[in-house]
Amino acid sequence: PGRPKGSTQGPERRRADLLAATEQAIRRHGPDVSMEQIADEAGVSKATLYDNFDGKQGLADAVVERFGNRVLVTMAGAFAEPRTAHQVVRTGIE
């Protein structure tokens, strides 16, 4: 009786799994994915997402932090050498 036990995963692992599910949901549904679609992809309730990320903005911030840093490092390396405007745009898109 009472509330069911929560996840046995640590909070960092739980967040990483939820971010991976978020990435999949974005790929499947596009950038306007809903919290419900993300929760379905992760196999959790929307309440679990809100508990772990403080709402959709908190989840968006975590996604940007996780993947945005990787993009910035890649782009910084690509722009380390002189480039034409065409090369800059092409590198940014790639």
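## The chain at a glance

Reading from the N terminus, the elements of this chain follow the order α-α-α-α-α. That gives 5 helices and 0 strands. Please keep in mind as you look around that this is a predicted model.

The chain has 94 residues, and buried residues account for 23% of them. Turning to contacts between residues at least 6 apart in sequence, 40% join residues at least 24 apart. The sections below look at helices H1, H2 and H3, pair by pair.

## H1 against H2

Let's start with helix H1, which covers residues 11–29, and helix H2, which covers residues 35–42. The axes of H1 and H2 come within 8 Å of each other and cross at roughly 120°. That angle makes H1 oblique to H2, and the crossing is right-handed.

On the H1 side, the contact is made by Leu18, Ala21, Thr22, Gln24, Ala25, Arg28 and His29, while H2 brings Gln37, Ile38, Glu41 and Ala42. Sorted by character, the residues of this contact are 5 nonpolar, 4 polar and 2 charged.

## A closer look at threonine 22

One residue of H1 is worth a stop on the tour: threonine 22, which lies in that helix. Is threonine 22 buried or exposed? Its relative accessibility is 2%, and because buried means under 20%, threonine 22 counts as buried.

Which residues does threonine 22 touch, leaving aside its neighbours within four places in sequence? They are Ile38, Leu59 and Val63. Ile38 is also one of the H2 residues in the contact with H1.

## H2 against H3

Next comes helix H3, residues 46–53, which packs against H2 at an angle of about 100°, with the two axes 8 Å apart. H2 is therefore roughly perpendicular to H3.

If you would like to find this contact on screen, select Met35, Glu36, Ile38 and Ala39 in H2, which meet Lys46, Leu49 and Tyr50 in H3. The residues here divide into 5 nonpolar and 2 charged, with no polar ones. Ile38 turns up here as well as in the contact of H2 with H1.

## H1 against H3

H1 and H3 also pack together, at an angle of about 120° and with their axes 11 Å apart. The two helices are therefore oblique to each other, and H1 passes H3 in a left-handed crossing.

Here Arg14, Arg15, Leu18 and Leu19 in H1 meet Thr48, Leu49, Asn52 and Phe53 in H3. By character, these residues are 4 nonpolar, 2 polar and 2 charged. Leu18 takes part in this contact and also in the contact of H1 with H2. Leu49 of H3 meets residues of H1 here, and Leu49 is also in the contact with H2.

## The buried face of H3

Which residues of H3 are buried? They are Thr48, Leu49 and Phe53. Looking down the axis of H3, these buried residues fall within an arc of 105°, so they line one face of the helix. As a general reminder, an α-helix has 3.6 residues a turn, so residues three or four places apart point the same way.

Thr48, Leu49 and Phe53 are also among the H3 residues that meet H1. Just after H3 comes aspartate 54, which takes a positive phi of about 55°.

Technical notes. Residues are numbered from 1 along each chain as its sequence is written. This is a predicted model: local features need pLDDT of at least 70, side-chain atom pairs count only at pLDDT 80 or more; totals for chains, interfaces and linings use all residues. Side-chain values use heavy atoms; hydrogens and water are left out. Axes are lines fitted to C-alpha atoms, for helices over the stretch in contact, and angles run from 0 to 180 degrees between N-to-C directions. Helices (H or I, at least four residues) and strands (E, at least two) are DSSP runs, numbered from the N terminus. Angles under 35 degrees count as roughly parallel, over 145 as roughly antiparallel, 65 to 115 as roughly perpendicular and the rest as oblique. Contact means heavy atoms within 4.5 Å. Ala, Val, Leu, Ile, Met, Phe, Trp, Tyr, Cys and Pro count as nonpolar, Asp, Glu, Lys and Arg as charged, and the others, Gly among them, as polar. A crossing is left-handed if the near helix is turned anticlockwise from the far one by less than a right angle, and right-handed if clockwise. Buried means under 20% relative accessible area, exposed over 50%, partly exposed in between (1.4 Å probe, protein chains only). The arc is that of the directions from the helix axis to the C-beta atoms.
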